[in-house]
Structure formats: C-alpha cells, structure tokens
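Take a look at the binding site of this protein. Start with the ligands and work outward to the residues around them.

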Amino acid sequence: MTLPEGPLPPHWGDTMGALLPDGDVVPASGVLPDGVRADAAVRPFGIYLHVPFCATRCGYCDFNTYTAQELKGGVSRSSFAAQAIAELRLARQVLGATAGPVQTVFVGGGTPTLLAPEDLAGVLRAVDELFGLAAGAEVTTEANPESVDPRSLAVLREAGFTRVSIGMQSAVPHVLSVLDRVHTPGRAAEAVREARAAGFEQVSLDLIYGTPGESADDWDRSLEAALAAAPDHVSAYGLIVEPGTRLAAQVRRGELPAPDDDVMAVRYARTDELLTAAGLQWYEVCNWAARPDAACRHNLGYWDGGDWWGIGPGAHSHVDGVRWWNVLHPSAHAARLVAGRSPAAGREVLTPAERRFEAIMLRSRLRGGAGVELLSGEGTVAAARLAGDGLLEADALAAGRVVLTLEGRQKADLVAREITD
Ligand SMILES: C[S@@+](CC[C@H](N)C(=O)[O-])C[C@H]1O[C@@H](n2cnc3c(N)ncnc32)[C@H](O)[C@@H]1O
Ligand code: SF4
C-alpha cells in the first residue's frame with residue numbers, strides 16, 4: 001500500500017520523482033477490475049492533472065517535474081495539452097457509463113502556469129465535453145507567482161477556472177534565496193490582487209516554514225505579508241528535506257542546518273495563532289480557510305475517500321478502492337498514449353483492512369476527524385491514551401470522533417501511527 005508520508009496534501013505522494021511503488025500489471029486498455037464503481041454516484045469524482053514542467057528546480061523539491069534542459073526531446077510544453085486530452089479520452093472510455101459529472105478539477109505541478117493559458121483552457125473544455133462539469137464545480141490551478149499576469153489569469157478565469165493556488169513560500173528575501181525561489185518577495189501578493197481583479201472566487205497561498213536561517217521574526221513577516229493579501233485559503237508546510245534533493249546535499253555537507261523538530265512545532269503553533277486571529281480556521285493539519293466554503297473541495301475528496309482520475313506523468317488515481325499510478329517520465333507517458341495504451345505503470349486493489357487504515361490516516365487529519373468505529377480495539381485504547389496526553393480532543397472522542405488538538409496537529413504523524421496500531 002502506498003500512502004504519502006508526513007504533512008502533505010494527498011496528491012503529493014502521487015507525483016514525487018524518486019520512486020513508484022511496485023504493484024499489479026495494468027491491462028493495456030486500462031480497464032478496471034469487474035464491479036468497480038458500481039456505486040459511483042455516492043462518491044465525489046475529481047480530475048487531477050499533473051503538469052510536469054518548471055522553469056528552474058527549487059533545491060528542496062522532489063516532485064516529478066522537469067526543466068526544459070532535463071526534457072530530452074519527444075515531449076514539449078506545447079504538445080502537453082494534447083497528451084493530457086488523450087488520457088482524458090482513455091479515462092472516459094474506461095469509466096464508460098459511470099463517468100462524471102466532475103465535481104472538482106485540480107491542475108498541479110510542476111508549474112501548470114508555464115503552459116499557455118489557452119492550453120489549460122483547452123484541457124478544461126475537454127473535461128467538460130467528455131465528462132461534464134457539475135454545476136458549481138471547483139476548478140483550481142496551482143501557479144508560481146512569476147508565471148501569471150493579468151492577461152493569463154483573465155483567460156483562465158474566462159475558461160472556467162474558479163480557484164488559484166499561488167506558491168508564495170515566504171516574503172523574506174534571504175529565505176526565498178535559500179529555497180531557490182525566483183520571484184521577488186512582493187510578487188505573490190501582487191498575483192493575488194491580479195487574480196481577484198480577474199474574478200477568481202478563491203485565492204490560496206502556499207507557505208513553507210522552517211527553512212534554514214529563517215528566524216521567528218522572518219516567519220511572522222511572511223505570515224503577515226500573506227494575511228495582508230487577504231487570501232481565502234492558506235496552506236502552510238514545514239520544510240521537508242527530501243532525499244536526493246540539492247537541499248539534502250547541502251544539509252549533508254553541513255552547508256545548511258537541518259530543520260529542527262522543536263522549531264517546527266513552535267512555527268506551526270504560531271501559524272495557527274496568527275491565521276486563526278485573522279479569521280482563517282484550520283480544516284486539515286496544513287490547511288486553513290477563511291470560510292467553510294473556502295476549503296479546497298478537491299483535496300477534501302482525497303482525504304475523504306473520494307474517486308479521482310490522475311492525468312499526466314506520475315499521477316496517481318483512485319477509483320472505488322483501486323489505486324493506480326502512471327509512468328513518471330513525460331516521454332514514456334506520451335509514448336504509451338500514442339500507442340493506444342494506458343500510461344499506468346502499476347496498480348493495487350485495496351483490501352477492506354487497507355481501506356480502513358487509509359480512512360483513519362487521512363480523516364484523522366481533518367477538523368471533522370475520523371469516526372471511532374474505524375478504529376480497532378487496540379486503536380481505541382491508543383486513542384483514549386492520546387486524549388489523556390492532550391493530543392486528541394477528549395470531548396470529541398467521547399462523542400465518537402478522533403479529532404486532533406493543537407498539540408496533536410503538531411504530532412499528527414505520530415498520532416496516526418498510534419491509532420492505526
Ligand atoms: C509542488 S508545488 C507546486 C506549486 C508551484 N510549482 C510552486 O512551487 O509555487 C506545491 C507546494 O509544495 C510545497 N513544497 C514542495 N516541496 C516541499 C518540501 N520539500 N517541503 C515543504 N513544502 C514543499 C510548496 O509550498 C509548494 O507551493
Ligand atoms: S516551482 Fe514548485 S514544482 Fe517547480 S521545483 Fe519549485 S516547488 Fe517544485
């Protein structure tokens with residue numbers, strides 16, 4: 001079974017560069033096992049599109065993404081939309097009568113906004129033509145601050161994108177520099193204003209804390225700058241030193257100190273304090289929303305056992321307990337589709353025990369929590385102990401829900417391990 005580790009949005013595990021799990025062979029047609037999605041109507045259905053291109057690679061990032069130099073022929077940014085639409089057609093064929101309508105679309109990366117906005121618009125049109133977009137569908141694209149402008153945002157909004165998630169990371173020059181970010185400190189806030197002017201319903205900012213050399217004051221400045229832009233949603237992640245990255249090499253060589261767990265916990269508490277004071281409520285360990293309807297519905301689908309088809313190199317999909325993952329390299333992904341074959345590299349059919357395990361792992365990260373009926377006897381005993389230790393809300397547990405306290409959120413991985421026995 002493959003689960004993203006650490007405080008990550010679920011699609012992160014889907015697109016990371018280093019390794020793909022083993023798994024069963026997927027038929028060339030991509031056909032799903034018998035009986036899958038018989039009850040399709042009861043779960044939300046989303047489309048994730050992974051755009052595997054970046055202008056430069058940030059030293060901390062191990063996502064499945066390629067700079068122009070790293071792409072050796074075969075695939076180019078300009079041909080990618082057609083490649084994505086080819087996989088959408090395959091998805092439509094495989095899902096047949098159970099396909100759509102699509103409640104959420106999330107275009108992530110990489111840097112989706114390196115594609116021409118007309119290309120992203122074309123992919124969204126194809127989603128609508130092939131599956132139908134549900135009324136009020138949430139349609140998000142991630143964006144790097146320097147890769148959008150008023151015109152591109154206007155084209156995306158006009159095409160039906162409703163939400164933009166901007167990678168701000170920090171507002172402090174020396175922190176941005178350690179992170180290898182190429183935008184200026186003020187550019188993210190400017191992009192928020194441009195997105196609002198273009199008519200986006202939801203604007204989100206991504207932040208990273210715990211970067212080597214970042215002081216408590218630096219982090220306050222970043223939070224304050226983010227809040228001054230009045231986002232509808234903030235995602236804040238503790239910096240993870242991913243093996244194989246340039247950052248990991250710098251830490252190994254002693255050029256940069258490793259992020260410190262205690263500092264991370266303090267930064268998390270400060271994040272929650274300032275965001276809450278500004279009216280944003282946590283709804284998942286790393287995510288805060290200004291209003292209940294500003295929570296990211298697409299990501300909630302992942303955390304809540306929804307179905308989604310992941311389009312693009314390295315993307316993972318989950319439909320009714322069947323999970324599969326695509327080949328990583330954009331050229332391999334394109335070659336499979338050109339040959340009329342599924343780009344899936346492998347798949348697994350989750351057992352009921354694995355589905356229960358995942359439900360506990362993911363739902364316990366949500367403010368609404370996981371139902372205690374999911375826990376085994378040992379998990380129930382562990383939950384009572386954790387409530388006694390102040391990591392789970394005692395009242396919620398008494399009412400049948402496993403809900404993290406602030407301290408529990410700081411140790412969310414540990415709690416999840418303990419209650420899944
Ligand atoms: C893969 S990026 C895609 C968005 C866009 N390319 C950008 O960087 O602005 C999604 C988010 O992941 C976060 N991220 C990526 N690698 C991380 C790491 N090693 N530790 C913590 N956060 C990370 C960043 O906050 C980033 O905005
Ligand atoms: S721009 Fe985003 S996806 Fe690209 S390397 Fe940097 S963090 Fe990773």
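What follows is a walk through the surroundings of the two ligands in a predicted model.

Begin with ligand 1. Its surroundings comprise 18 residues. Gly110, Asn144, Gln169, Arg181 and Asp206 are the closest of them. By class, the shell holds seven nonpolar, seven polar and four charged residues.

Now consider the polar contacts. Gln169 places a polar side-chain atom 2.7 Å from an oxygen atom of ligand 1. Asn144 also uses its side chain: a polar atom there is 2.8 Å from a nitrogen atom of the ligand. Tyr60 takes part through its backbone, where a polar atom lies 3.1 Å from a nitrogen atom of ligand 1. How much of the ligand's accessible area does the protein cover? On its own, ligand 1 has 550 Å² of accessible area, and the protein covers 97% of it.

Next, the location. Ligand 1 sits in the second largest pocket. Three strands each give two or more residues to its shell: β4 (163–169), β5 (202–209) and β6 (233–238).

Turn to ligand 2. The space it takes is the second largest pocket. Three cysteines, Cys54, Cys58 and Cys61, are among the residues around ligand 2. Thr56, Arg57, Tyr60 and Thr111 are there as well. Gly110, Asn144 and Arg181 complete the set; these three are also among the closest residues to ligand 1. By class, the shell around ligand 2 divides into four nonpolar, four polar and two charged residues.

Methods: Residues numbered from 1 in each chain as written. Chains lettered and ligands numbered in written order. Predicted model: local features only at pLDDT ≥ 70, side-chain atom pairs only at ≥ 80, totals over all residues. Heavy atoms only, no water. Near = heavy atom within 4 Å. Polar contact = N/O pair within 3.5 Å; in protein donor to acceptor, adjacent residues only side chain to side chain. Areas by Shrake-Rupley, 256 points an atom, 1.4 Å probe, with all protein chains shown as cover. 1 Å grid on protein atoms, 1.4 Å probe; cavity = no way out; pocket = protein on both sides within 12 Å on 5 of 7 lines; lining within 4 Å. Sits in = over half its atoms within 2 Å of the grid points. Helix = DSSP H or I, 4+ residues; strand = E, 2+ residues; numbered from the N terminus. Nonpolar A, V, L, I, M, F, W, Y, C, P; charged D, E, K, R; others polar.
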